[in-house]
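I am opening a fresh page for this protein and will note what I look up, entry by entry. Sequence and model go in here before I write anything down.

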Amino acid sequence: MTELLILEFETPDAAGLYNKVNAILGIDAATGKGDWPPGMLTHVAGLAGQDHLVVVEGWESQIGRAS
């Protein structure tokens, strides 16, 4: 089962902050290259105005996984 995570941020220069965080994490959302976390199935982000960022991620569910 997939778990969906929706994050919303409102901050000045949301796009710039998103890009800085991705650089720190060593990922490139535009190309998909980088060291993405295990279990992440999908990641999309978009601006809703200049200062409002919405990030949607799909993750493998932890439910039913062997420990």
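How many bridges join strand 1 to strand 5? I count nine bridges between strand 1 and strand 5, and the two run antiparallel. Two strands pair, in the sense used here, if DSSP finds at least two bridges between them.

Ground rules, noted early. I am working with a predicted model, in which local features need pLDDT of at least 70 and side-chain atom pairs count only at pLDDT 80 or more, whereas totals for chains, interfaces and linings use all residues. Residues are numbered from 1 along each chain as its sequence is written, and side-chain values use heavy atoms, with hydrogens and water left out.

Entry on the overall layout. I find one helix and five strands in the protein, arranged along the sequence as β-α-β-β-β-β; helices (H or I, at least four residues) and strands (E, at least two) are DSSP runs numbered from the N terminus. The C-alpha trace spans about 40 × 20 × 15 Å along its principal axes. The accessible surface comes to about 5,000 Å², with 59% of it belonging to carbon and sulfur atoms; such areas come from the Shrake-Rupley method with a 1.4 Å probe, and for residues only the protein chains shown count as cover. Of the 67 residues, 21% are buried, where buried means under 20% relative accessible area, exposed over 50%, and partly exposed in between (1.4 Å probe, protein chains only). Among contacts between residues at least 6 apart in sequence, 53% join residues at least 24 apart, a contact being heavy atoms within 4.5 Å.

Entry on the sheet. I looked up the strand order and found an open sheet of three strands, 1-5-4, with antiparallel pairing. Its edge strands are strand 1 (2-10) and strand 4 (40-47), each of which pairs on one side only. Neighbouring strands of this sheet are turned by 10° against each other on average, direction ignored; the axes are lines fitted to C-alpha atoms, for helices over the stretch in contact, and angles run from 0 to 180 degrees between N-to-C directions. On the strand 1 side, Leu4 stands opposite Gly58 in strand 5, and Leu5 stands opposite Glu57 in strand 5. On the other side, strand 4 and strand 5 pair in the antiparallel sense over seven bridges, and Met40 stands opposite Trp59 in strand 5. The hairpin of strand 4 and strand 5 has four residues between the strands, and there Gly49 takes a positive phi near 95°.

Entry on Leu53. Is Leu53, which is found in strand 5, buried or exposed? I note Leu53 as buried because its relative accessibility is 7%. Not counting residues up to four places away in sequence, Leu53 touches Leu7, Glu8, Phe9, Ala14, Tyr18, Ala45, Gly46 and Leu47. Leu53 and Phe9 are 44 residues apart in sequence, yet 5.1 Å apart in space, C-alpha to C-alpha.

Entry on Ser61. Ser61 lies in the segment after strand 5 (52-60) and is buried, with a relative accessible area of 5%. Leaving aside neighbours within four places in sequence, I find Ser61 in contact with Met1 and Glu3.

Entry on the helix and the loop before it. Asp13 lies in the loop between strand 1 and helix 1 and is partly exposed at 47% relative accessible area. Most residues other than glycine have a negative phi. I therefore marked the phi of Asp13, near 55°, as a positive value in a residue other than glycine. Leu17 lies in helix 1 (residues 14-25) and is partly exposed, with a relative accessible area of 43%.
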